Amino acid sequence: DGSVTMGASKTCTATFNLLPAEADIKANNGDSATIAFSSTALLEWCGTDAHICANAVSCKVGTALGGNNISTATSGSYTTPVLIANTTYYLECANSGGNVTYDNVVITVGAPITYTLTATKAGTGTGTVTSAPVGISCGADCTEVYNSGTAVTLTATPAAGSSFVSWSGDADCADGSVTMGASKTCTATFN
């Protein structure tokens, strides 16, 4: 909660995380937007900028004409945390006479930001280091690339006759759990 009682010198660290960017996309014919990998896009239809909904009695939004609808309404919005890269999202509206018109908006989703996690071993003993999510199995594979924001837990398993002593390396490595916001190297010491 940020409160401390002073009886000795203390250091406090505040951690701030970036919120995902948002893209507000109006369903006008030919509209397009590019958003970051972990962004949320707000798709809006039948608003002031969406001209095909003026006389609509039903509308649907989806990834294909006539199917795969992500929403049905004559007005409103849809927020999705997972968009398909380079996909055209269609707005399909029908008026009271049954005439159907279409608009589309192309969403381009950028590639994820990635960082490399490297496990090393030190000390007079031997052992292996593994990761969850999977990727590192050191022995042989001591490096893995993870998406930004991924929480990775490293597990040090000593070989027979050895013991695990501690984690060291980058500041986030002290307990074997890291959150990928930069490339990191964590060292497991076995004696």
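# Strand β16 and its partners

In this predicted model, strand β9 (residues 114–122) runs parallel to β16, and 6 bridges connect them.

User: What makes β9 and β16 count as a pair of strands?

Analyst: The rule asks for at least two bridges between two strands. Strands β9 and β16 have 6 bridges, in the parallel sense, so they satisfy the rule. Within this pairing, Lys121 stands opposite Ala188 of β16.

User: How do you know that β14 pairs with β16?

Analyst: The same kind of reasoning applies. The strands β14 and β16 are joined by 5 bridges, and at least two are required. These two strands run antiparallel. Ser168 is found opposite Thr187 of β16.

User: Why is Phe190 called buried, and what is Phe164 called?

Analyst: A residue is buried if its relative accessible area is under 20%, and exposed if that area is over 50%. Phe190 has a relative accessibility of 0%, so Phe190 is buried. Phe164 has a value of 30%, which falls in between, and therefore Phe164 is partly exposed. As for strand β16, 6 of its 7 residues are buried, so this strand is mostly covered.

User: Why is the pair of Phe164 and Phe190 called edge-to-face?

Analyst: Two values decide the matter. The ring centres of Phe164 and Phe190 are 5.9 Å apart, and rings pair if their centres lie within 6.5 Å. The planes of the two rings stand at 65°, and planes over 60 degrees apart count as edge-to-face. The pair is therefore edge-to-face. Phe164 belongs to strand β14 (residues 164–169) and Phe190 to strand β16 (residues 184–190), so the pair links distant parts of the chain, 26 residues apart.

User: What makes Phe164, Trp167 and Phe190 a cluster?

Analyst: Ring pairs link Phe164, Trp167 and Phe190 to one another. The count of aromatic pairs in the structure is 2.

User: How do you know that Lys184 and Asp172 form a salt bridge?

Analyst: The criterion is a side-chain nitrogen of Lys or Arg within 4 Å of a carboxyl oxygen of Asp or Glu. For Lys184 and Asp172 the distance from N to O is 2.8 Å, so the criterion is met. Lys184 lies in strand β16 and Asp172 in the loop between β14 and β15 (177–179), so this salt bridge ties together parts that are 12 residues apart in sequence. The structure holds 1 salt bridge.

User: Are the two partners, Lys184 and Asp172, buried or partly exposed, and why?

Analyst: Lys184 has a relative accessible area of 11%, which is under 20%, so Lys184 is buried. Asp172 has a relative accessible area of 30%, which lies between the two cut-offs, so Asp172 is partly exposed.

User: What makes the link between Cys173 and Cys186 a disulfide?

Analyst: The sulfur atoms of Cys173 and Cys186 are 2.0 Å apart, and the cut-off is 2.5 Å. The pair therefore qualifies as a disulfide. The torsion about its S-S bond is -70°, and the link is left-handed. Cys173 lies in the loop between β14 and β15, whereas Cys186 lies in strand β16, so the pair ties together parts 13 residues apart in sequence. Cys173 is buried at 0% relative accessibility, and Cys186 is buried with a relative accessible area of 0%.

User: Why is the disulfide of Cys138 and Cys142 called right-handed?

Analyst: The torsion about the S-S bond of Cys138 and Cys142 is about 80°, so this disulfide is right-handed. Its sulfur atoms are 1.9 Å apart. Cys138 is buried, with a relative accessible area of 2%. The count of disulfides is 2.

User: What joins Cys138 to Gly139, and where does Gly139 lie?

Analyst: A cis peptide bond joins them, with omega about 15°. Gly139 lies in the loop between β11 and β12 (143–147). Another cis peptide bond joins Ala132 and Pro133, where omega is about 0°. Pro133 is located in the loop between β10 (127–132) and β11 (137–138). Most peptide bonds are trans.

User: Why does Ser162 count as buried?

Analyst: Its relative accessibility is 19%, and buried means under 20%, so Ser162 counts as buried. Ser162 is placed in the loop between β13 (151–158) and β14. Apart from neighbours within four places in sequence, Ser162 is in contact with Gly125, Thr126 and Asn191.

How values were computed
Residues are numbered from 1 along each chain as its sequence is written. This is a predicted model: local features need pLDDT of at least 70, side-chain atom pairs count only at pLDDT 80 or more; totals for chains, interfaces and linings use all residues. Side-chain values use heavy atoms; hydrogens and water are left out. Rings of Phe, Tyr and Trp (its six-membered ring) pair if their centres lie within 6.5 Å; planes under 30 degrees apart count as stacked, over 60 as edge-to-face and the rest as tilted. Helices (H or I, at least four residues) and strands (E, at least two) are DSSP runs, numbered from the N terminus. Buried means under 20% relative accessible area, exposed over 50%, partly exposed in between (1.4 Å probe, protein chains only). Contact means heavy atoms within 4.5 Å.
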